[in-house]
Amino acid sequence: MKIVGVAACTAGIAHTYIAREKLLKAARLRGHEITCETQGNIGIEDELKPQDIRDADVVILAIDIAIDKMERFEGKKVIKVDTSTLIKNPIGFIQKVEKVIGK
């Protein structure tokens with residue numbers, strides 16, 4: 001499965017980056033391709049490329065706040081989770097996404 005994601009917490013510091021790393025690691029361990037950007041105090045880092053978004057089977061938003069550029073995901077299957085839930089059980093979360101997407 002091809003996944004794109006965005007991680008963003010209220011402060012835009014610790015949980016943002018922890019959630020991103022947990023998401024990347026869990027998805028790769030389950031055999032998926034993933035690209036993930038962060039949004040926070042310093043803006044958007046590792047911004048998703050339009051082609052990656054087009055090719056994605058699912059968009060995972062590990063966010064606690066509203067994010068910029070949501071319109072990029074129109075027409076895509078979007079799954080939203082708060083950062084703390086993802087951090088606590090990233091493999092379990094990816095397994096739930098697999099069931100929802102069927103891959």
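Start by selecting β4, residues 58-63, and look at its two sides. Val58, Ile60 and Ala62 point to one face and Val59, Leu61 and Ile63 to the other, and every one of these side chains belongs to a buried residue, so both faces of the strand are covered. Put as a count, 6 of the 6 residues in β4 are buried. Keep in mind as you click around that this is a predicted model.

Leave β4 highlighted and add its neighbours. Bring in β1, residues 2-8: this strand runs parallel to β4, and 6 bridges join the two. For a spot to zoom in on, pick Ala8, whose bridge partner in β4 is Ile63.

Now add β5, residues 78-81. β5 is also parallel to β4, with 4 bridges joining them. Here the pair to pick is Ala62 and Val81, which stand opposite each other.

Next stop: the loop that leads from β4 to β5. Select Lys69, which sits in that loop. What is the sign of phi at Lys69? The angle is positive, about 65°, although the residue is not a glycine. Is Lys69 buried, exposed or partly exposed? Its relative accessible area is 35%, and since the partly exposed class lies between 20% and 50%, Lys69 counts as partly exposed.

There is another backbone of this kind to visit. Jump to Asp46, in the loop between β3 (43-45) and α2 (50-55). Asp46 is not a glycine either, yet has a positive phi of about 55°.

Time to zoom out and colour by secondary structure. You should find 4 helices and 5 strands. Follow the chain from its start and the order reads β-α-β-β-α-β-β-α-α. The radius of gyration is 12 Å, close to the 13 Å that the globule rule gives for 103 residues, so the protein is as compact as a globular protein of that length. If you line the view up with the principal axes, the C-alpha atoms fill a box of roughly 35 × 30 × 15 Å.

Switch on contacts, if your viewer draws them. Among contacts with a separation of 6 or more, 62% are between residues 24 or more positions apart.

Finish with the surface. The accessible area is about 5,600 Å², and carbon and sulfur atoms account for 50% of it. Under that surface, 44% of the 103 residues count as buried. For a last colouring, show charges: there are 17 positive and 15 negative ones, and their mean positions are 7 Å apart.

Technical notes. Residues are numbered from 1 along each chain as its sequence is written. This is a predicted model: local features need pLDDT of at least 70, side-chain atom pairs count only at pLDDT 80 or more; totals for chains, interfaces and linings use all residues. Side-chain values use heavy atoms; hydrogens and water are left out. The radius of gyration is taken over C-alpha atoms; the globule rule is 2.2 Å times the number of residues to the power 0.38. Buried means under 20% relative accessible area, exposed over 50%, partly exposed in between (1.4 Å probe, protein chains only). Contact means heavy atoms within 4.5 Å. Accessible areas come from the Shrake-Rupley method with a 1.4 Å probe; for residues, only the protein chains shown count as cover. Lys and Arg count as positive and Asp and Glu as negative; His and the chain ends are not counted. The place of a charge is taken as NZ of Lys, CZ of Arg, CG of Asp or CD of Glu. Two strands pair if DSSP finds at least two bridges between them.
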